[in-house]
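The exercises that follow are meant to be worked through with the model open beside the text. Please attempt each task before reading its solution.

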Amino acid sequence: MPRTYNESTVVCPFFRATATSSISCEGITDDCTVKLQFCNGKKRDAHRKIYCERNYKYCEIYRVLEKKYE
């Protein structure tokens, strides 16, 4: 569930949340998450716009997690 207005535009099914300079995604097991840590919020936002909001099927994290359900 999106925590902020900006997160409401995310379409990736594995997205979980954003923080100051990170993105959290569903984990490879049920009891963990994957955290992408960026140098700053601008780089986090760029990744989110490119992958989480539009082209999530090209994201490496998505590809790994997709195999979890195959």
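## Exercise 1: The hairpin and the sheet

Strands β1 and β2 form a hairpin with 2 residues between them. The model is a predicted one, in which local features need pLDDT of at least 70 and side-chain atom pairs count only at pLDDT 80 or more, while totals for chains, interfaces and linings use all residues. Residues are numbered from 1 along each chain as its sequence is written, and side-chain values use heavy atoms, with hydrogens and water left out.

**Task.** Describe how strand β1 is joined to strand β2, and then place both in the sheet and find which helices pack on it.

**Solution.** Begin with the assignment: helices (H or I, at least four residues) and strands (E, at least two) are DSSP runs, numbered from the N terminus, and two strands pair if DSSP finds at least two bridges between them.

Next, look at β1 (residues 15-19) and β2 (residues 22-26), which run antiparallel and are joined by 4 bridges; within this pairing, Thr-18 stands opposite Ile-23 of β2.

Then widen the view to the open sheet of 3 strands, whose order is β1-β2-β3 with antiparallel pairing. Strands β1 and β3 (33-37) stand at the edges with a single partner strand each, so one side of each is left without a neighbour in the sheet. Neighbouring strands are turned by 20° against each other on average, direction ignored, where axes are lines fitted to C-alpha atoms (for helices over the stretch in contact) and angles run from 0 to 180 degrees between N-to-C directions.

Finally, add the helices, taking contact to mean heavy atoms within 4.5 Å. Helix α1 packs on the sheet by touching β1, β2 and β3, and its direction makes about 35° with that of β2. Helix α2 also packs on the sheet, touching β2 and β3, with its direction at about 15° to that of β2.

## Exercise 2: The core and its rings

**Task.** Find which residues have the most contacts inside the largest nonpolar core, and determine how the rings of Phe-14 and Tyr-62 are arranged.

**Solution.** A nonpolar core is a set of buried Ala, Val, Leu, Ile, Met, Phe, Trp, Tyr and Cys residues joined through side-chain atoms within 4.5 Å; buried means under 20% relative accessible area, exposed over 50%, and partly exposed in between (1.4 Å probe, protein chains only). The largest such core has 13 residues, and those with the most contacts inside it are Val-10, Cys-12, Phe-14, Phe-15, Ile-23, Cys-52 and Tyr-62. Two or more residues of this core are given by each of the elements β2 and α2 (60-68).

Turn now to the rings, where those of Phe, Tyr and Trp (its six-membered ring) pair if their centres lie within 6.5 Å, with planes under 30 degrees apart counted as stacked, over 60 as edge-to-face and the rest as tilted. The whole structure holds 3 aromatic pairs. In one of them, the ring centres of Phe-14 and Tyr-62 are 5.3 Å apart and the planes are at 40°, so the pair is tilted. Phe-14 lies in the segment before β1 and Tyr-62 in helix α2, so the pair ties together parts that are 48 residues apart in sequence. The rings of Tyr-56 and Tyr-62 have their centres 5.0 Å apart and their planes at 70°, so this pair is edge-to-face.

To finish, note that ring pairs link Phe-14, Tyr-56, Tyr-62 and Tyr-69 into a cluster. Phe-14 is buried at 7% relative accessibility, and Tyr-62 is buried at 9%.

## Exercise 3: Charged pairs

**Task.** Which parts of the chain are linked by the salt bridges of Arg-16 with Glu-26 and of Lys-68 with Asp-30?

**Solution.** A salt bridge is a side-chain nitrogen of Lys or Arg within 4 Å of a carboxyl oxygen of Asp or Glu, and by this rule the count comes to 7.

First, the closest N and O atoms of Arg-16 and Glu-26 are 2.7 Å apart; the pair links Arg-16 in strand β1 to Glu-26 in strand β2, 10 residues apart. Arg-16 is partly exposed at 37% relative accessible area, whereas Glu-26 is buried at 12%.

Second, Lys-68 and Asp-30 have their closest N and O atoms 3.8 Å apart, and the pair links helix α2, where Lys-68 lies, to the loop between β2 and β3, where Asp-30 lies, 38 residues apart. Lys-68 is partly exposed at 29%, and Asp-30 is exposed at 75%.
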